[in-house]
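Biologist: Before I rely on the labels attached to this structure, I should like to hear the reasoning behind them. May we take them in turn?

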Amino acid sequence: MNRVGIIDIGPSSLRLILTEVNEHGYFKIIDELKTSIRLCHDLVTDYGICNENFKTILSTLRAYKSLCTVSGANKIFAVATESLREAKNKDVLLPLIKKELDIDIRVLSCDEEIYYNFLGIKRSIYIGNSLMIEVAGTDTHLAWVQGDKILKSITLPIGSVNLTYKFNLRDRILPQDLTDTFEFITSKLNDIDWLMETKFDSIIGIASTVRNLGKIDRVRKRYPFDIPHNYELSDIDVQEIFNLLKCKDYKQRQKLDGMEPELADIIVGGTAIFKRIVNMVQCNKIIISGRGLREGLMYEYLDNKYSIPEDILNYSINEILETLNCDKNHALNVFKIAYNLFNSLKPLHHLGDEYLNIIKTSSMLHDCGISINYYGHHKHSFYIILNSYINGLTHKELLMSAAIAASHRFNSYQTPLSPFSSVISQLDLRSVKLIGVLIKIAEGLDRSLVGAVKKLQVSFDSHTVTIKVSSDIDVDFEIRQALRASEKFREIYGKELIIEAI
């Protein structure tokens, strides 16, 4: 085990994440600190960091380093973005930090900042053809990303802070100021040819302003999860939130449910930039990323030192199995059997390959609740999956995976899904049942934990489904265990279940 600290000096805050990395390259965040400091305000008014903020930076970094040292961190990465990149007196501050604290601050270029944000996203969300947007304090970063590549990128010299100051958007907002704001933003965007000519599948928003929009949206919809990462909203949602914000003065915005108090004065300016971009590219699927630059730095460190799975879902599942000391061989055997059953029974359940990530997650993590307590471990599995750091799953896929895992035992347990009705539909619940009974069968066929079933063949007619299993040892015990699901199978699939050895 080793521990790594990541310090990020941003335009509106200093942040630290302290991570623990095991010998296989899996990491988890064990502590996080944030100190609000408006460095970008200095850049707007004076282009240099004031003495008071000098002192705040030094005292905060001293505390962060002490925490890392006491916690046993053997590596500290410290980076700064626009706050120091554009400060005229950075050549005074950086040597002072090095002299007093022995911390080397790496000032990232715009391209490096975009790259690390992208790295944090691509290791946590499956990316199609997307537009990545970061609205920062004095800059806005745009990147056209596809799969594991950045195709185009650009940085605009407008952000939530300098736009707020330029057009008087801090407190009560006048209609003419808002009109001038949008004309100014549009003039900056019109020169980006690739932005206007590309049809994006989705927009991925990062950084504090956009994440706060997601939080406000979750509160106003009474969303059942408090999970910022991979939360989806639409262009209409962004428009409605903007209408809500622009009609309030500073004090009223501070009291708005879901509002981060330190953003109340600049969020109208930041949202105006984000909304205008969303409208211009005409994309209605917006994904909020809870991962970004700090996670990107961490993944670069891991890639350089460890051999970690390329697939982001596999990485998350293996990390959970490793951390909770689960039986990996049993998890993999159950997944293989469930996957085979799912493919063989497609003419009956009519579900497509979009459910494969759900099957993988639920089958491989079905027993993770044993790490808390064996008795009732299916209930603990539900909670663990729902609250774990699993990359690559939408919130709906996460919930369905948890519900399926919770149904793997041979009992009458009903997952309490009514609080999640805004996320999961009746059609989704039917899919949970169709897949859940297959996990029951797969669990039974590997109940002795020795991987007895080597191959299986599935056939069906109008009345029965027959599973023939082959093995080099006696599998009567496994067959009896799997047949305990026959009544549930008949209820869901409307056919008798027959399992026999060949």
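**Reasons behind the labels**

Modeller: Let us begin with lysine 98, which is partly exposed at a relative accessible area of 34%. Please bear in mind that this is a predicted model.

Biologist: Why is lysine 98 called partly exposed?

Modeller: Buried requires under 20% and exposed requires over 50%. The relative accessible area of lysine 98 is 34%, so the residue is partly exposed.

Biologist: What makes the contact of lysine 98 with aspartate 102 a salt bridge?

Modeller: The criterion is a nitrogen of Lys or Arg within 4 Å of a carboxyl oxygen of Asp or Glu. The side chains of lysine 98 and aspartate 102 meet at 2.9 Å, N to O, so the definition is satisfied. Aspartate 102 itself has 52% relative accessibility and therefore counts as exposed.

Biologist: How do you know that arginine 106 and glutamate 112 form a salt bridge?

Modeller: Their closest N and O atoms are 3.2 Å apart, and the limit is 4 Å. Arginine 106, at 35% relative accessibility, is partly exposed, and glutamate 112, at 28%, is partly exposed too. A search of the whole structure finds 23 salt bridges.

Biologist: What separates arginine 220 and aspartate 217 along helix H9?

Modeller: They are 3 residues apart in helix H9, so about one helical turn lies between them. Their side chains meet in a salt bridge of 2.8 Å, N to O. Arginine 220 is partly exposed at 37% relative accessibility, whereas aspartate 217 has 0% and therefore counts as buried. Both belong to a network of salt bridges that also links Lys221, Asp237 and Glu240.

Biologist: Why is alanine 207 called buried?

Modeller: Its relative accessibility is 15%, and buried means under 20%, so alanine 207 counts as buried. Alanine 207 is found in helix H9, residues 207–220, and its phi is near 80 degrees, a positive value in a residue other than glycine. Most residues other than glycine have a negative phi.

Biologist: Is glutamine 282 buried or exposed?

Modeller: The relative accessible area of glutamine 282 is 62%; the threshold for exposed is over 50%, so glutamine 282 is exposed. Glutamine 282 lies in the loop between helix H12 (267–281) and strand S11 (286–288). Although not a glycine, glutamine 282 has a positive phi of about 55 degrees.

Biologist: Why is strand S7 described as largely enclosed by the rest of the structure?

Modeller: Of the 7 residues of S7 (residues 140–146), 6 are buried, so the strand is largely enclosed. S7 pairs with strand S6 (residues 129–135) in the antiparallel sense over 7 bridges, with methionine 132 opposite alanine 143. Strand S8 (residues 149–156) also runs antiparallel to S7, joined by 7 bridges, and tryptophan 144 stands opposite lysine 152.

Biologist: What makes S12 and S14 edge strands?

Modeller: The open sheet has the order S12-S13-S14, with mixed pairing. S12 (455–460) and S14 (496–501) each have a single partner strand, so one side of each is left without a neighbour in the sheet. The twist averages 20 degrees from one strand to the next. S13 (residues 464–470) pairs with S14 in the parallel sense over 6 bridges.

Biologist: Which helix packs on the sheet?

Modeller: Helix H20 (residues 426–445) does, touching S12, S13 and S14; its direction makes about 25 degrees with that of S14.

Technical notes:
Residues are numbered from 1 along each chain as its sequence is written. This is a predicted model: local features need pLDDT of at least 70, side-chain atom pairs count only at pLDDT 80 or more; totals for chains, interfaces and linings use all residues. Side-chain values use heavy atoms; hydrogens and water are left out. Helices (H or I, at least four residues) and strands (E, at least two) are DSSP runs, numbered from the N terminus. Buried means under 20% relative accessible area, exposed over 50%, partly exposed in between (1.4 Å probe, protein chains only). Two strands pair if DSSP finds at least two bridges between them. Axes are lines fitted to C-alpha atoms, for helices over the stretch in contact, and angles run from 0 to 180 degrees between N-to-C directions. Contact means heavy atoms within 4.5 Å.
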